[in-house]
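Open the model in your viewer and keep the selection box handy. We will go stop by stop, with something to pick out at each one.

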Amino acid sequence: MAVLRETLSRSSMSGADVDWVHRLVGDWQMLADLAFADLTLWLPVQRDDAADPHVSPWFLAAHARPSTGPNFYHDDVIGQTPDEGRQRLLTQVMETGRSTTPDEVGFVREQYVPVVRTGRPIAVLVRHTDLQNMRQQGGLEVNYLQISQQLFSMIAEGAFPMDHTATGVGRGTPRVGDGVLRLTAEGIIDYASPNAVSALRRLGHTDHVNGADLAEIVSARLARGSSVDETVPLVLTGRARGGPRSRPGP
């Protein structure tokens with residue numbers, strides 16, 4: 001993050017906005033993997049610099065490559081400035097607060113997503129998809145792409161990233177390869193990747209995974225004599241944040 005912090009010093013963002021960007025970049029490897037695409041984060045420069053006609057009003061502050069498919073950018077692109085066409089799109093998304101997907105150029109598809117915090121755009125995330133080398137789409141790929149679009153929509157609404165510091169519980173960077181579960185609003189599993197199914201099997205869950213209640217699966221497999229932390233069902237259904245723990249019984 002040291003390199004990112006130095007890069008962010010060029011932007012016109014407040015300290016709270018900078019923290020938001022840090023949280024986004026801390027979790028966006030998962031998003032790149034789900035989208036099978038490179039992600040770049042574009043920030044506006046400081047206002048004093050932006051007044052100089054020789055200085056681009058935008059710069060590329062961060063970049064993530066997917067581990068689930070081919071990379072779009074093979075070289076280091078951090079610090080680059082946009083060409084005229086990209087600058088126009090970045091400004092449009094920043095001003096309107098709306099995502100846009102311009103016409104494909106060759107075998108390249110790009111999606112521009114406003115990064116919104118407290119109701120206002122503070123940056124623009126661009127998804128770069130190499131259509132020529134995309135994976136053949138099966139059930140896993142279709143579900144991953146659907147989930148990625150839900151996360152892009154949450155970014156544009158200011159609902160992602162989530163505040164991991166609220167509970168003071170640390171965790172590692174989420175990895176798509178460990179397994180992906182998608183839940184309904186009631187906490188019911190409506191999609192589980194093969195690795196997620198295997199993980200639940202190792203927990204001892206031998207019934208069907210799709211249609212099962214995740215909180216019930218996990219709570220039922222806590223050690224006998226343990227009392228369930230009241231936050232476990234809330235965390236496992238996405239209604240609370242943090243890392244649930246079981247407490248020893250009396």
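The tour goes from the whole chain to a sheet, its helices and then some aromatic rings.

**Before you start**

This is a predicted model, in which local features need pLDDT of at least 70 and side-chain atom pairs count only at pLDDT 80 or more, while totals for chains, interfaces and linings use all residues. Residues are numbered from 1 along each chain as its sequence is written, and side-chain values use heavy atoms, with hydrogens and water left out.

**Stop 1: the whole chain**

Show everything as a cartoon. You should find eight helices and eight strands; these are DSSP runs numbered from the N terminus, with helices being H or I of at least four residues and strands E of at least two. Of the 250 residues, 40% are buried (under 20% relative accessible area; exposed is over 50% and partly exposed lies in between, with a 1.4 Å probe and protein chains only). Turn on a surface, and about 13,500 Å² is exposed, with carbon and sulfur atoms supplying 49% of it (Shrake-Rupley method, 1.4 Å probe).

**Stop 2: the open sheet**

Now select 38-44, which is β1, together with β2 (58-64) and β3 (108-117), and add β4 (120-130). These four strands make an open sheet in the order β2-β1-β4-β3, with antiparallel pairing (two strands pair if DSSP finds at least two bridges between them). At the edges are β2 and β3, each pairing on one side only. On average, neighbouring strands are turned by 25 degrees against each other, direction ignored (axes are lines fitted to C-alpha atoms, for helices over the stretch in contact, and angles run from 0 to 180 degrees between N-to-C directions).

Zoom in on β1 and β2, which are joined by six bridges; L43 has F59 as its partner in β2. Then move to β3 and β4, where there are 10 bridges, including the one pairing P114 with V124. These two strands form a hairpin with two residues between them, and T118 in the turn has a positive phi of about 50 degrees. Is β3 enclosed or open to the outside? Eight of its 10 residues are buried, so β3 is largely enclosed by the rest of the structure.

**Stop 3: the helices across the sheet**

Select 84-96 for α4, which lies across β1, β2, β3 and β4 and runs at about 135 degrees to β4. Next pick 139-157 for α5, which lies across β1, β3 and β4 at about 40 degrees to β3.

Stay with α5 and display its side chains. Its buried residues include Y144, L145, I147, L151 and F152. The buried residues of α5 pack against α2 (15-35), β1, β3, β4, β5 (181-183) and β6 (189-192) (contact means heavy atoms within 4.5 Å). Just after the helix, look for G158 and its positive phi of about 85 degrees.

**Stop 4: the aromatic pairs**

How many aromatic pairs does a search of the whole structure find? There are two (rings of Phe, Tyr and Trp, the last by its six-membered ring, pair if their centres lie within 6.5 Å; planes under 30 degrees apart are stacked, over 60 edge-to-face, and the rest tilted).

Select F36 and Y144, a stacked pair at 6.0 Å centre to centre with 20 degrees between the planes. F36 is in the loop between α2 and β1 and Y144 is in α5, so the pair ties together parts 108 residues apart in sequence. Both F36 and Y144 are buried.

Finish at F72 and Y73, an edge-to-face pair at 4.9 Å centre to centre with 85 degrees between the planes. F72 counts as partly exposed, at 23% relative accessibility, whereas Y73 is buried at 18%.
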